[in-house]
Amino acid sequence: MTSTTRLTVAQALVRFLTAQYTERDGERRRLIGATWGIFGHGNVAGIGQALVEYADEMPYHQGRNEQAMVHAAVGYARQCGRLSAHAVTTSIGPGATNLVTGAALATINHLPVLLLPGDVFATRPADPVLQQLEVPFAGDVSVNDCLRPVSKYFDRITRPEALIPAALQAMRVLTDPVDTGAVTLALPQDVQAEAYDWPEEFFAERTWAVRRPAADAGELAGAVAAVREARRPLIVAGGGVHHSRAEEALAELASATRIPVASTQAGKGSLRWDHPQDVGGIGHTGTATADELARTADLVIGVGTRYTDFTTASGTLFGASGVRFLNLNIAPYDGHKLAGRPLIADARAGLEALTEALLMHKHRAEPAYVTEYTDDKERWEYRVDAAYEAEDVDIRPTQPQVLGVLDELVTEDDILINAAGSLPGDLHKLWRARSRDQYHVEYGYSCMGYEIPAAIGVRMAAPDRPVWALVGDGTYLMMPTEIVTAVQEGVAIKVIILQNHGYASIGGLSESVGGERYGTAYRHRAEDRTYTGAPLPVDLAANAASLGMRVLRAKTVRDLRAALAEARDADTPTCVYVETETADTVSGAPPAQAWWDVPVAETATRSSAVKAREEYDRHVAARRRHL
């Protein structure tokens with residue numbers, strides 16, 4: 001007779017989660033390392049009580065904003081190489097819908113997070129209950145259905161016994177290197193508290209193997225032939241390199257063949273910046289070196305990349321006649337993009353197989369090609385030095401100079417986190433990544449407000465490393481609330497707030513597309529009712545201090561150098577606040593080296609829009625559809 005244990009659905013779920021593990025390459029880790037939660041009537045008596053019941057087995061973190069809790073969980077999962085994740089529980093209603101943005105970010109970036117929102121009563125004792133959305137034509141719909149399109153797996157647990165297959169499916173998806181992302185188990189509040197006799201086997205330890213599928217022999221042979229035929233090959237390293245922990249394999253292939261390696265935002269750091277074959281970021285926010293190689297490449301070897309519009313310059317970058325694509329990707333959907341030759345495999349396994357085969361043929365890039373990109377890279381580094389350099393240390397720094405001071409200070413241990421504004425462009429072009437995980441820019445969803453909570457999650461996964469959240473004032477105002485969490489938990493993150501009085505990135509974009517920076521500045525209204533008056537008297541440093549953070553103000557480059565050094569050594573959450581010199585421009589970094597498609601008004605009376613449209617039409621004419 002099967003042995004059973006009588007527990008509530010919530011208790012059974014929490015106990016189940018404590019017994020799940022992952023394993024890859026001999027490394028075994030607990031799958032759900034902790035649960036974040038904000039409690040309301042939809043989860044306090046169910047999941048909330050269960051977390052109390054199993055407090056010794058399931059660590060709990062108190063959040064301040066539901067979206068931010070997901071960001072923290074995503075930061076943790078990324079730092080753990082997707083081998084460990086966090087769960088997030090909320091009440092039904094606004095708590096649940098606040099999860100949607102975080103869920104979309106997780107799914108787009110292929111990062112695992114388990115969402116446990118409360119749901120309306122399954123038994124419907126009263127209709128509607130507090131915070132219930134009534135849908136007259138569908139009685140089984142709740143606000144949690146908003147999570148369906150942004151989840152890789154979704155289920156609503158309306159009966160206790162339904163938890164068993166749903167929980168197993170949830171773990172399958174969380175550990176799947178192709179399909180991982182946000183997983184949602186919606187939990188009606190009455191079902192959470194309902195007792196059931198659970199089979200003991202449900203709570204047995206389970207280890208989920210994270211696969212490394214090898215390449216098909218035929219696809220590999222075709223890939224080797226394509227590389228050997230190419231005269232100007234270029235590797236584009238995407239986030240899949242990091243997810244697979246394939247950095248060493250990529251470095252070995254690049255060194256052996258001398259094929260240059262450019263990186264997407266998600267792939268930056270796949271090679272150290274000073275590796276001879278690293279040519280920096282590619283695409284709209286890329287380096288001149290990488291983008292010129294992309295324009296003339298006859299074979300583009302994508303490794304773990306989704307080929308987003310920033311990478312391809314909206315279809316205008318890879319312009320050589322006859323250019324072809326070889327796509328090493330664990331996901332067939334991405335492997336077939338741009339009519340490319342697919343090599344469907346784990347990034348590390350595929351790179352190792354390619355390297356072995358190419359070494360057998362003693363294949364190397366032509367010496368003249370190596371000399372060309374090496375010289376171009378050296379010229380670009382001079383531009384980086386110029387952007388970083390501050391001739392006068394007693395004036396306000398520009399945004400690149402802030403990065404330059406930080407560049408002087410950090411080692412390979414430091415981790416930089418960013419997601420939105422003008423900083424991703426400056427970082428992709430300028431930052432010299434020293435380790436595989438130093439560069440943490442979330443650009444799949446480019447979600448303002450990601451940085452501070454993600455820094456908390458990263459620091460939890462890497463408690464002995466300096467973790468920096470770089471935010472502009474616009475981003476900071478979106479979601480500073482988790483500073484309170486960092487203070488409460490004693491998570492010693494470092495936050496750099498760059499004050500430039502508005503949405504500088506969108507302001508620059510607005511100007512370039514004929515929008516005249518309308519509605520992008522943080523300023524008082526002028527007499528003509530436009531936002532062109534004096535800057536708002538907002539003191540973000542005082543705000544951070546009011547939330548419990550130690551704050552260091554830096555007015556000059558000299559101040560900044562001292563403040564950043566002090567913050568790096570701090571063992572408590574510390575903020576460095578600096579007002580940048582270029583308040584009305586984007587940053588002062590080198591301009592975009594490739595185009596990005598933002599449609600411009602086809603007809604307008606204002607001259608700025610008319611000129612912008614002329615420029616737009618010129619770029620659109622260069623777009624290619626690769627067939």
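# Worked exercises on a predicted model

Cys146 is partly exposed, with a relative accessible area of 42%. That's our way in; keep in mind that this model is predicted.

## Exercise 1: the cysteines

Work out how many disulfides there are, and where Cys146 stands in that count.

*Step 1.* Recall the chemistry: a disulfide is a covalent bond joining the sulfur atoms of two cysteines.

*Step 2.* Apply the cut-off, which asks for two cysteine sulfur atoms within 2.5 Å. The count comes to zero disulfides.

*Step 3.* Check Cys146 itself. The nearest cysteine sulfur belongs to Cys447 and lies 16 Å away, so against a limit of 2.5 Å Cys146 is in no disulfide.

*Step 4.* Now take Cys80 and ask: buried or exposed? Its relative accessible area is 3%, and buried means under 20%, so Cys80 is buried.

## Exercise 2: the nonpolar cores

Find the residues with the most contacts inside the largest nonpolar core, then look around one of them.

*Step 1.* Start with the general idea: nonpolar side chains in soluble globular proteins tend to be buried together.

*Step 2.* The largest core here has 47 residues, and Val88, Leu115, Ile493 and Val495 have the most contacts inside it.

*Step 3.* Zoom in on Ile493. Leaving aside residues up to four places away in sequence, Ile493 touches several residues, including Ile452, Ile456, Val467, Met549 and Pro573.

*Step 4.* Don't stop there, though: a second, separate core has 36 residues, among them Leu13, Ala50, Ala167 and Trp208.

## Exercise 3: a sheet with Leu115 in it

Which strands stand at the edges of the sheet ordered E5-E4-E6-E7-E9-E8?

*Step 1.* Read the order: six strands make an open sheet, and the pairing is parallel.

*Step 2.* Look for strands with a single partner. These are E5 (60–62) and E8 (153–156), so each has one side without a neighbour in the sheet.

*Step 3.* Add the twist, which averages 20° from one strand to the next.

*Step 4.* Go to a pair inside the sheet. E7 (residues 113–119) and E9 (residues 182–188) are parallel and share five bridges. There you'll meet Leu115 again, standing opposite Thr184 in E9.

*Step 5.* Put the helices on. H1 (residues 9–17) packs on the sheet, where it touches E4 (32–37), E7 and E9, and its direction makes about 175° with that of E7. H5 (residues 99–108) lies across E6 (85–90), E7 and E9, at about 155° to E7.

## Exercise 4: another sheet

Do the edge search again for the sheet ordered E19-E18-E20-E21-E23-E22.

*Step 1.* This open sheet has six strands with parallel pairing.

*Step 2.* E19 (439–441) and E22 (550–554) each have a single partner strand, so they stand at the edges with one side left without a neighbour in the sheet.

*Step 3.* On average, neighbouring strands of this sheet are turned by 20° against each other, direction ignored.

*Step 4.* Look at one edge: E18 (residues 415–418) pairs with E19 in the parallel sense over three bridges, and Tyr439 in E19 is the bridge partner of Leu416.

*Step 5.* Finish with H23 (residues 557–569), which packs on the sheet and touches E20 (467–472), E21 (494–499), E22 and E23 (574–579). The direction of H23 makes about 160° with that of E22.

## Exercise 5: a covered strand

How many residues of strand E12 (residues 233–237) are buried?

*Step 1.* Count along the strand: five of its five residues are buried.

*Step 2.* Sort them by face, using the rule that side chains in a regular strand alternate between the two faces of the sheet. Pro233, Ile235 and Ala237 are on one side, Leu234 and Val236 on the other.

*Step 3.* Find the partners. E12 pairs in the parallel sense with E15 (residues 299–303) over five bridges, and with E13 (residues 261–263) over three. Pro233 has Leu299 as its bridge partner in E15, while Val236 has Ala262 in E13.

## Exercise 6: two packed helices

Describe how H11 (residues 288–296) meets H15 (residues 367–388).

*Step 1.* Give the geometry: the angle is about 145°, and the axes are 8 Å apart.

*Step 2.* Name the residues. From H11 come Ala288, Thr289 and Leu293; those they meet in H15 include Tyr369, Tyr373, Trp380 and Arg383.

*Step 3.* Sort by class: the contact has five nonpolar, one polar and four charged residues.

Definitions and conventions: Residues are numbered from 1 along each chain as its sequence is written. This is a predicted model: local features need pLDDT of at least 70, side-chain atom pairs count only at pLDDT 80 or more; totals for chains, interfaces and linings use all residues. Side-chain values use heavy atoms; hydrogens and water are left out. A nonpolar core is a set of buried Ala, Val, Leu, Ile, Met, Phe, Trp, Tyr and Cys residues joined through side-chain atoms within 4.5 Å. Buried means under 20% relative accessible area, exposed over 50%, partly exposed in between (1.4 Å probe, protein chains only). Contact means heavy atoms within 4.5 Å. Axes are lines fitted to C-alpha atoms, for helices over the stretch in contact, and angles run from 0 to 180 degrees between N-to-C directions. Helices (H or I, at least four residues) and strands (E, at least two) are DSSP runs, numbered from the N terminus. Ala, Val, Leu, Ile, Met, Phe, Trp, Tyr, Cys and Pro count as nonpolar, Asp, Glu, Lys and Arg as charged, and the others, Gly among them, as polar. Two strands pair if DSSP finds at least two bridges between them.
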